[in-house]
Amino acid sequence: VEFTVDNNAPTLSALSVTSDPCVGDGDVVTIVFNAIDLGCAAFDHTNITVNVVGQGAIGGAIAHVSTVGNTYTFTYTVANGDADGDVQVSIDAVDDEGNNATTLNPAGVEFVIDNTHPVVNNWNYLSSTCVNGGTTVQFSFNATDIACGTFDENDIAVAVTTAGAVATVNSAVLSNVTGNTYTYDLLIDATDADGDADVVITATDDAGNATVLDAAPVDFVIDNTKPVYDNFAITSDQCLTDGEEFTFTFDVTESGCGTFAHGTHLVVTTDPATTNAPVYVSNAGMTYTYKVVIAALDDPGTYNILVN
């Protein structure tokens, strides 16, 4: 035999593409098909071209993975710069004699690229910034995703941290969704540690694109430590009659958030009650002075001072 004639083009068939419904940067798409060449020369994956065509720029890597008999497996790794949208795969082959196979190009969308991250914005904290156990704080934000797949509250994670650690016993609970606005409630527990609390929102779409919203380093402050009062001292006589004044001082230690003022946060009473209730006189820093003016109607006996 002096030479062999090969006018047979390769035959391509049985294309299948396997991927998640939405793929993004770094995701791998598996492409499998059959290729047969009955000609006289060698035929392998180097005779095959895998075409990946999208709605714009496509720059991911195409790689041959394996050949088992006439079944070829390639992969396409999605690149960060790949355009969003529907992608089609086609296969071409040419043997060493230049015989071109009929392009294998089944109709339909093979996979969908989504390199667009969700948008999370319009943070709104709706509660007091100084809170304690039993208080419910509320906050809202907008979250949207315009690419493929579905997007709802199941794609959103809410974390409350302080100094990088979990800050609250309870988790934030979704209380309302209106359009793209999500509202969450968080019940502060009495065992939550004092300190600055930071709310961090993470939205992750079906392609794995994640957006983090951390609007402020401190969104609210947890204060579960009660004020302490001590150093009670009597600065007058203790045996008194009508018109005389019983005066006393005490110190208050308050380490939590917010302000502390006698008219709002201090309640001083007597037990049993006197005709004239104790009244504020002055304070020097956190040392407070109060007095009780004795009235003729007060019953004789011993009275206790109560500070709350």
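Here is a short walk through three spots in this predicted model.

**Stop one: serine 127.** Select serine 127, in the loop between strand S9 (119-125) and strand S10 (130-131). Serine 127 counts as partly exposed because its relative accessibility is 23%. Now show its neighbours: leaving aside residues up to four places away in sequence, serine 127 touches Thr136, Val137 and Gln138. Zoom in on glutamine 138, whose backbone nitrogen lies 2.8 Å from a polar atom of the serine 127 side chain. For a sense of scale, pick valine 268 too: its C-alpha atom is 29 Å from that of serine 127, and the two residues are 141 apart along the chain.

**Stop two: aspartate 114.** Head to the loop between strand S8 (111-113) and S9, where you'll find aspartate 114. Which side chain of opposite charge is nearest to this buried residue? That's lysine 226, 50 Å away, and aspartate 114 has no salt bridge. What you can pick out is the backbone nitrogen of threonine 116, 3.0 Å from a polar atom of the aspartate 114 side chain. Beyond four places in sequence, the residues that aspartate 114 touches include Asp84, Asp145 and Asp205, along with Val23, Gly24 and Cys148.

**Stop three: the salt bridge.** The structure holds one salt bridge, so select lysine 291 and glutamate 245 to see their side chains meet, 3.2 Å from N to O. This pair links distant parts of the chain, 46 residues apart: lysine 291 sits in strand S23 (residues 287-293) and glutamate 245 in strand S20 (residues 245-253). Buried or exposed? Lysine 291 counts as partly exposed at 24% relative accessibility, and glutamate 245 is partly exposed too, with a relative accessible area of 37%.

Technical notes
Residues are numbered from 1 along each chain as its sequence is written. This is a predicted model: local features need pLDDT of at least 70, side-chain atom pairs count only at pLDDT 80 or more; totals for chains, interfaces and linings use all residues. Side-chain values use heavy atoms; hydrogens and water are left out. Helices (H or I, at least four residues) and strands (E, at least two) are DSSP runs, numbered from the N terminus. Buried means under 20% relative accessible area, exposed over 50%, partly exposed in between (1.4 Å probe, protein chains only). Contact means heavy atoms within 4.5 Å. A polar contact is a pair of N or O atoms within 3.5 Å; within protein, one must be able to donate a hydrogen and the other to accept it, and residues adjacent in sequence count only if both atoms are side-chain atoms. Lys and Arg count as positive and Asp and Glu as negative; His and the chain ends are not counted. A salt bridge is a side-chain nitrogen of Lys or Arg within 4 Å of a carboxyl oxygen of Asp or Glu.
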